[in-house]
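Q: Please take a close look at a single part of this model. I would like the long helices treated one by one, along with the charged pairs and the packing around them.

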Amino acid sequence: MTTVAAPLSAPAARARQLAGTRPLLRLALRRDRVLIPAWVLGLGLVVTGTGSSFEALYDTAARRAALAASMNGNGSMRALYGPVFGDSVGGLIAWRMAGFGAVLAAVMSLLIVVRHTREEEETGRQELLCAAMVGRRAPLTAALLTALTANAALVVVIAGGLAGSGRPAAGSLALGLAIGGTGMLFAALAAIAAQLTESARLAKGLTGAVLGLAFALRAAGDTATVDATSPLTWISPIGWSQNLRAYAGERWWLVLLFLAATALAGSVAYALTARRDLGMSFLPARPGPAVAPRSLSGPFGLAWRLQRTPLAGWTLGFVCAGGLFGGIAKGAADLVGGNERTREIFARMGGQQSLTDAFLATMAGMLGMVAALYAVGAVLRLHGEETAGRAEPVLAGAVSRLRWTAGHLALAYGGSAVILAFGGLALGVSYDLSAGDPGGRTGPVLAAALAQVPAVWTLTGLAVLVFGLLPRATTAVWALVGGCLTLGWVGPSLDFPRWAMDLSPYGHLPKLPGADATAAPFLWLLALSALFTAAGLVGVRRRDLG
């Protein structure tokens with residue numbers, strides 16, 4: 001007699017698809033036991049430490065009101081940070097950190113989700129895990145729960161730290177929810193990208209492009225309106241974070257908007273993961289030609305084939321960013337008026353030269369700091385090729401380790417210079433067109449962008465050093481780059497001490513255009529980059545692969 005198994009009920013079927021979620025969650029939390037606390041504590045401390053800096057810089061209500069009025073009256077600063085909704089210390093904290101904190105929380109979340117979904121499939125580890133009692137939706141659920149844990153901890157740290165320092169509890173909770181809610185929404189968007197693409201790198205790039213678009217939409221919307229009512233602002237989740245208006249009449253209903261958008265994006269991710277095979281994607285790579293072109297005959301050709309798409313994407317992004325910020329730089333001088341405190345912030349951010357040059361110098365510095373993300377990612381592509389097992393067949397032929405490494409490093413070092421050149425050119429041309437002076441500042445602004453190259457290459461060399469000597473610590477490189485970004489972004493406005501700013505290679509560069517420049521800092525940074533790179537290449541040559 002043949003026995004026919006009874007069909008599972010709907011609840012039992014759903015439970016079966018989630019089988020193994022708990023051990024996968026424990027595994028993910030163990031793997032991220034350093035990454036998550038570093039992100040949460042670092043971002044939490046920056047947010048909570050902002051209040052004491054504002055209290056020291058603007059110690060009276062009149063000064064805070066003057067700062068709020070000057071910031072709201074200038075489209076350039078609204079594009080960078082958004083409008084000021086309240087002139088209390090808490091309101092200034094929310095103005096300064098709601099957008100910036102939301103971007104960092106989004107980056108943290110997308111890295112977590114992609115690491116535990118698409119990256120696991122790409123390396124083949126997910127296939128081994130799914131050979132056990134693991135449901136189809138368990139890996140995605142574990143990844144999202146890991147991101148939820150990180151963002152919940154971020155909310156607790158921010159809200160608790162601000163409330164503990166004397167800020168109103170309601171505003172502290174609102175700011176924490178705004179930042180954590182943005183992070184969780186981008187975790188769900190990263191889950192969708194992980195279903196669409198075949199590689200972890202492409203999934204991160206796709207989610208990062210959505211994040212960049214969200215920032216650009218928010219910036220354009222805030223430039224157009226003083227009270228953040230532009231439709232462009234409301235399209236952007238970063239605009240939602242700011243419009244929650246912590247410490248300025250909180251709009252609690254926006255928390256429901258974050259929840260609804262996250263639930264919708266998560267539902268799409270679950271629907272997609274149920275309709276594809278493990279390791280496959282909805283946007284598969286195009287099959288190549290039957291015969292490989294001559295450009296793939298060497299390691300540089302292979303590296304170019306692997307990294308040309310990210311390089312093109314970064315270049316386009318820098319052109320758009322340079323064009324946007326160059327167009328709003330003309331009104332930077334109108335921001336200050338007679339406010340000496342604001343003038344001091346501009347001087348620390350962009351130098352002692354004219355306010356317009358200080359703004360352009362600040363934008364060039366921002367391009368330089370962001371370019372390090374591309375360069376470090378290009379270097380760590382070597383680590384991805386190694387751990388995925390694709391480097392071994394290449395090195396089994398007549399290709400030395402140094403030649404294989406050099407191909408990727410040429411794209412990392414040369415590509416970072418290329419994207420900075422295009423970004424600086426767009427920044428200068430856009431400013432000249434808005435100021436009605438074609439060609440007037442394009443050359444100096446382009447030089448200011450290229451002046452960031454030695455600092456970018458220093459961090460690139462540090463990535464090579466870690467890859468060569470401590471390949472398992474590659475995630476620490478991202479933490480170091482994030483620290484440099486934080487120092488450059490919030491350090492000048494919060495008046496960090498000189499020794500803290502000098503921890504970043506960018507702190508040693510002159511504030512161009514307009515400032516006096518000598519060759520010494522550039523040569524020292526280039527020498528340090530060469531030293532790091534040489535030591536890393538020695539490590540690559542001597543250590544075991546894998």
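A: Helices here are DSSP runs of H or I with at least four residues, numbered from the N terminus. By that assignment, Thr273 is found in helix α14, which covers residues 253-273. The model is predicted, and the mean pLDDT of the protein chain is 82, with 88% of its residues at 70 or more. Confidence is highest in α10, at a mean of 93, and lowest in helix α16 (residues 340-350), at 58. Where pLDDT is low, the predicted coordinates should not be read in detail.

The close look centres on helix α11, which runs over residues 200-224. With 25 residues at 1.5 Å each, α11 should span 36 Å, and its end C-alpha atoms are 36 Å apart, so the expected and modelled spans agree. At the N-terminal end of α11, Ser199 acts as a cap, with a side-chain oxygen 3.1 Å from the backbone nitrogen of Leu202. The buried residues of α11 include Ala200, Ala203, Thr207, Leu211, Ala214 and Phe215. Arg218, Ala219, Gly221 and Asp222 are buried as well.

Two of these buried residues carry charge-pairing side chains: Arg218 and Asp222 meet in a salt bridge, at 2.9 Å from N to O. The two are four residues apart in α11, so about one helical turn separates them. Buried means under 20% relative accessible area. Arg218 counts as buried because its relative accessibility is 0%, and Asp222 is likewise buried at 0%.

A further salt bridge ties α11 to another part of the chain. Lys204 pairs with Glu119, the closest N and O atoms being 3.8 Å apart. Lys204 sits in α11 and Glu119 in helix α7 (residues 118-123), so this pair links distant parts of the chain, 85 residues apart. Lys204 counts as partly exposed at 30% relative accessibility, and Glu119 does too, at 21%. Side chains of opposite charge can pair when their charged atoms come close. The structure holds eight salt bridges. Among them is Glu385 with Arg390, where the closest N and O atoms are 3.0 Å apart. Salt bridges that share partners join Arg381, Glu385 and Arg390 into one network. Within it, Glu385 is buried at 6%, while Arg390 is partly exposed at 33%.

Helix α10 (residues 169-196) can be checked in the way used for α11. Its 28 residues should span 40 Å at 1.5 Å a residue; the end C-alpha atoms are 41 Å apart, which agrees. α10 is mostly covered, with 22 of its 28 residues buried.

As for the packing, the largest nonpolar core has 126 residues, and Val47 and Leu175 have the most contacts inside it. Beyond its neighbours within four places in sequence, Val47 is in contact with Leu175, Ile179, Ile93, Met97, Ile158 and Leu162. A second, separate core has five residues, including Leu24, Leu25, Val134 and Ala142. In soluble globular proteins, nonpolar side chains tend to be buried together.

Two buried residues remain. Ala138 lies in helix α9 (residues 138-164) and is buried at 0%. Its C-alpha is 6.1 Å from that of Gly20, although the two are 118 residues apart in sequence. Thr273 counts as buried at 8% relative accessibility. Leaving aside neighbours within four places in sequence, Thr273 is in contact with Arg136, Arg137, Leu140 and Gln195.

Key. Residues numbered from 1 in each chain as written. Predicted model: local features only at pLDDT ≥ 70, side-chain atom pairs only at ≥ 80, totals over all residues. Heavy atoms only, no water. Core = buried A, V, L, I, M, F, W, Y, C linked by side-chain atoms within 4.5 Å. Buried < 20%, exposed > 50% of the residue type's maximum accessible area, 1.4 Å probe, protein only. Contact = heavy atoms within 4.5 Å. Expected span 1.5 Å × (residues − 1). Polar contact = N/O pair within 3.5 Å; in protein donor to acceptor, adjacent residues only side chain to side chain. pLDDT = per-residue confidence, 0-100. Salt bridge = Lys/Arg side-chain N within 4 Å of Asp/Glu carboxyl O.
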